[in-house]
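Welcome! Take a look at the sequence and the 3D view below, then work through the exercises at your own pace.

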Amino acid sequence: GVSHIQSRDEISIKERNRNKNLLPNLQPPWEKSVISFSDYFSDYVEKKKSKPFVFEISKELNKPLHSERDANTVLDRMAKVTLETDITINDIQKKLDEDKMLEEDEGEVVISIQPTEAELIAKRKAPLSQEDLNAVRDILNNPGSHTVLFEKFGIDMTRAKLLCLRPSTWLNDEAINFYMCLLMDRDQKRYEQQQQSNHSNKCRKSSHYFNSFFLVKLIMNEKYTYANVKRWTKKFDVFEKDKIFIPVNINNTHWTMIVVYIQRKEIHYYDSMSGSGKRYLKWILQWLKDEAWEKKKEKLETLDWKLIDQEDDVPQQRNGFDCGMFAIMCADAISDDLPLRITYGQEDMPQNRLKVTAAILRGNINY
């Protein structure tokens, strides 16, 4: 028989298919998925090329991505460009390993692309799904009862407790504390996912979210008493956290939020009615000082810490009942290091009440 000698074109097609296999399985929305990935690979385009990689791809396609077929066309083009620019699989593999962006999931290559600030804000402002909306309406549009719907985080949640999320209603401790637990649950899952990945050296520290009773115990009858909360941190080291979130219930008339930026050595007081929280800031600094000595036998240099009160960029409420919503939305935004004023405001609160209700019913925050 006559042996078949592979042509250069056949070799190129074979190599291109090998390159294509390295690319990820894309998910809808196709256009955003491809652009995010192609942005990552733009580093590989030779400097002599005047146009970024993603522009080269979009020029070839010359149409928006509407389907999986469109996305696969782009992937094929991306694989071809790797050949045209003398990028080999080894180059890509080496770079991925260097950046520790490669995760193995049953043999499938997964690229971790962190959402942008704009995407995180857009997810917070996105409308509820019809399924979530129906579940929320079933709760908020009907009479409350004390029958336990579910139990999570040690909180028995009833219809009656959820009715505080109706419009023009002051949030109760149970709603605030359940949402703080949801924030911590999300934070912990993200932290664990990053720890399990191959880029754990870039992993951010986890945060801690206290419930409203922490400050009530710490400051009883306007008297600071560290002994009341000494055991609250027995399972973690405060000084190894990124942030500490502390909701403040002021005489059952107003909710605010304290955030301790541990690594930056700053304590911030966030108030949607521009009130002063200087006394709370001083109490929390004293708590940190006591924690350092009690748990680590170290003296905290209090002069190294900044106490920040009444910041200009804190969104302000325009009524007398949304303070609880502003407090937990503040914590939610800061948990992702988002700018407060463009992440939430008074106009978002009717929708946010529905979204908080949906999150509580689901038992998770889905963004």
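**Exercise 1. Is F153 buried, partly exposed or exposed?**

Solution. Begin with the ground rules: this is a predicted model, in which local features need pLDDT of at least 70, side-chain atom pairs count only at pLDDT 80 or more, and totals for chains, interfaces and linings use all residues. Residues are numbered from 1 along each chain as its sequence is written, and side-chain values use heavy atoms, with hydrogens and water left out.

Step 1: learn the scale. Buried means under 20% relative accessible area, exposed over 50%, and partly exposed in between (1.4 Å probe, protein chains only).

Step 2: apply the scale. F153 has 31% relative accessibility, so F153 counts as partly exposed.

Step 3: find the place. F153 sits in the loop between β3 and β4. Helices (H or I, at least four residues) and strands (E, at least two) are DSSP runs, numbered from the N terminus.

Step 4: check the backbone. The phi of F153 is near 60°, a positive value in a residue other than glycine. E222 also has a positive phi, about 65°, although E222 is not a glycine. E222 is found in the loop between β6 (219-220) and β7 (223-224), and at 49% relative accessibility it is partly exposed.

**Exercise 2. Describe the chain in overall terms.**

Solution. Step 1: list the elements. The chain has 14 helices and eleven strands.

Step 2: look at burial. Of its 367 residues, 46% count as buried.

Step 3: look at contacts, where contact means heavy atoms within 4.5 Å. Among contacts between residues at least 6 apart in sequence, 63% join residues at least 24 apart.

**Exercise 3. Which parts of the chain does the salt bridge of R186 and D332 tie together?**

Solution. Step 1: recall the idea. Side chains of opposite charge can pair when their charged atoms come close. A salt bridge is a side-chain nitrogen of Lys or Arg within 4 Å of a carboxyl oxygen of Asp or Glu.

Step 2: check the pair. The side chains of R186 and D332 meet at 3.0 Å, N to O. R186 lies in helix α9 (residues 173-196) and D332 in helix α12 (residues 323-335), so the bridge ties together parts 146 residues apart in sequence.

Step 3: check burial. R186 is buried at 8% relative accessible area, and D332 is buried at 2%.

Step 4: widen the view. R124, R186, R190, D332 and D336 are linked in a network of salt bridges. The whole structure holds 17 salt bridges.

Step 5: try another pair. D337 forms a salt bridge with K243, with the closest N and O atoms 2.9 Å apart. D337 is in the loop between α12 and α13 (340-343), K243 is in strand β8 (residues 243-250), and the two are 94 residues apart. D337 is exposed at 53% relative accessible area, whereas K243 is buried at 3%.

**Exercise 4. How are α9 and α12 oriented to each other?**

Solution. Step 1: take the axes, which are lines fitted to C-alpha atoms, for helices over the stretch in contact, with angles from 0 to 180 degrees between N-to-C directions. The axes of α9 and α12 come within 11 Å and cross at roughly 5°.

Step 2: classify the angle. Under 35 degrees counts as roughly parallel, over 145 as roughly antiparallel, 65 to 115 as roughly perpendicular and the rest as oblique. The two helices, α9 and α12, are therefore roughly parallel to each other.

Step 3: name the residues that meet. I176, Y179, M180, L183 and R186 in α9 meet G324, I328, M329, A331, D332 and S335 in α12.

**Exercise 5. Which residues have the most contacts inside the largest nonpolar core?**

Solution. Step 1: know the term. A nonpolar core is a set of buried Ala, Val, Leu, Ile, Met, Phe, Trp, Tyr and Cys residues joined through side-chain atoms within 4.5 Å.

Step 2: read off the answer. The largest nonpolar core has 48 residues, and those with the most contacts inside it are L165, L171, Y179, M257 and Y270.

Step 3: see what supplies this core. The largest share, ten residues, comes from α12.

Step 4: note the second core. A separate core of 29 residues includes I258, I267, I284 and L288.
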